[in-house]
Amino acid sequence: MVVRYSIVAHGRVQGVGFRYFAQYEARKQGLTGWIKNCEADHMIEMEVQGEVEKVEVFVDQIKQGPPFAHVERIEQYAIPTVSHETTFRIIY
C-alpha cells in the first residue's frame with residue numbers, strides 16, 4: 001500500500017544538513033517527494049510517498065536527524081498520493 005505524508009520537523013533542523021540527510025534516506029528507501037526550509041525559523045517541511053513500511057523507516061530516521069540536528073517534534077499528516085513523481089528532491 002502506497003501512502004503520502006506531509007511532515008513538518010521542528011527544532012534545530014536548518015543549517016545542519018537536514019535536507020540532504022532526508023533526501024539520502026528517502027532515496028535509499030526508494031521514496032518520492034520533496035523537502036524545503038520553511039520561512040519560519042527552526043522548521044523544515046516535506047512530503048514523502050512510498051510503501052507504508054519504507055515510509056515508516058524514513059520517518060524514524062527523520063526523527064533522529066543528522067548528527068548536528070536536534071528534532072524537537074514532528075507533525076505528520078496523511079495526504080493524497082501523487083502519481084507523477086519519480087524522485088525525492090530538495091526545493092530551494
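Which residue in β3 stands opposite valine 8? Select valine 8 together with glutamate 45 to see the answer: glutamate 45 of β3 faces valine 8.

Before continuing, please note that this is a predicted model, in which local features need pLDDT of at least 70 and side-chain atom pairs count only at pLDDT 80 or more, while totals for chains, interfaces and linings use all residues. Residues are numbered from 1 along each chain as its sequence is written, and side-chain values use heavy atoms, with hydrogens and water left out.

**Stop 1: strand β1 and its partners**

Select residues 2–12, which form strand β1. Strands (E, at least two residues) and helices (H or I, at least four residues) are DSSP runs, numbered from the N terminus. Nine of the eleven residues of β1 are buried, so the strand is largely enclosed by the rest of the structure. Here, buried denotes under 20% relative accessible area, exposed denotes over 50%, and partly exposed lies in between, computed with a 1.4 Å probe on protein chains only.

Next, add residues 43–51, strand β3, which pairs with β1 in the antiparallel sense over nine bridges. Two strands are taken to pair if DSSP finds at least two bridges between them. Then add residues 70–79, strand β4, which runs antiparallel to β1 and is joined to β1 by nine bridges. Within this pairing, select isoleucine 7 and find glutamine 76 of β4 opposite.

**Stop 2: the annotated positions**

Select Arg19 and Asn37, where UniProt, in an unreviewed entry, places the feature "active site". These two positions are spread over 19 residues of sequence yet cluster in space, the largest C-alpha distance being 8.0 Å. UniProt positions are given in the numbering used here, feature names are shortened, and annotations may be inferred rather than shown by experiment.

Begin with arginine 19, which lies in helix α1 (residues 18–29). Its relative accessibility of 17% makes arginine 19 count as buried. Display its contacts (heavy atoms within 4.5 Å). Leaving aside residues up to four places away in sequence, arginine 19 touches Ile35, Lys36, Asn37, Ile44, Ile90, Ile91 and Tyr92.

Move to asparagine 37 in strand β2 (residues 32–37). Asparagine 37 counts as partly exposed, at 30% relative accessibility. With residues up to four places away in sequence again not counted, asparagine 37 touches Gln14, Arg19, Met43 and Ile44.

**Stop 3: the salt bridges**

Now show the charged side chains. A salt bridge is defined as a side-chain nitrogen of Lys or Arg within 4 Å of a carboxyl oxygen of Asp or Glu. By this rule, the count is four.

Select arginine 4 and glutamate 85, whose side chains meet in a salt bridge at 2.7 Å, N to O. Arginine 4 belongs to strand β1 and glutamate 85 to the loop between β4 and β5 (88–90), so the pair ties together parts that are 81 residues apart in sequence. Both arginine 4 and glutamate 85 are buried.

Return to helix α1 and select glutamate 25 and lysine 28, which are three residues apart there and thus separated by about one helical turn. Their side chains form a salt bridge (3.3 Å, N to O). Glutamate 25 is buried, with a relative accessible area of 7%.

Finally, select arginine 73 and glutamate 75, which form a salt bridge with the closest N and O atoms 3.0 Å apart. Arginine 73 is partly exposed at 47% relative accessibility, and glutamate 75 is partly exposed at 24%. To end the tour, select Arg4, Glu47 and Glu85, which are joined into one network by salt bridges that share partners.
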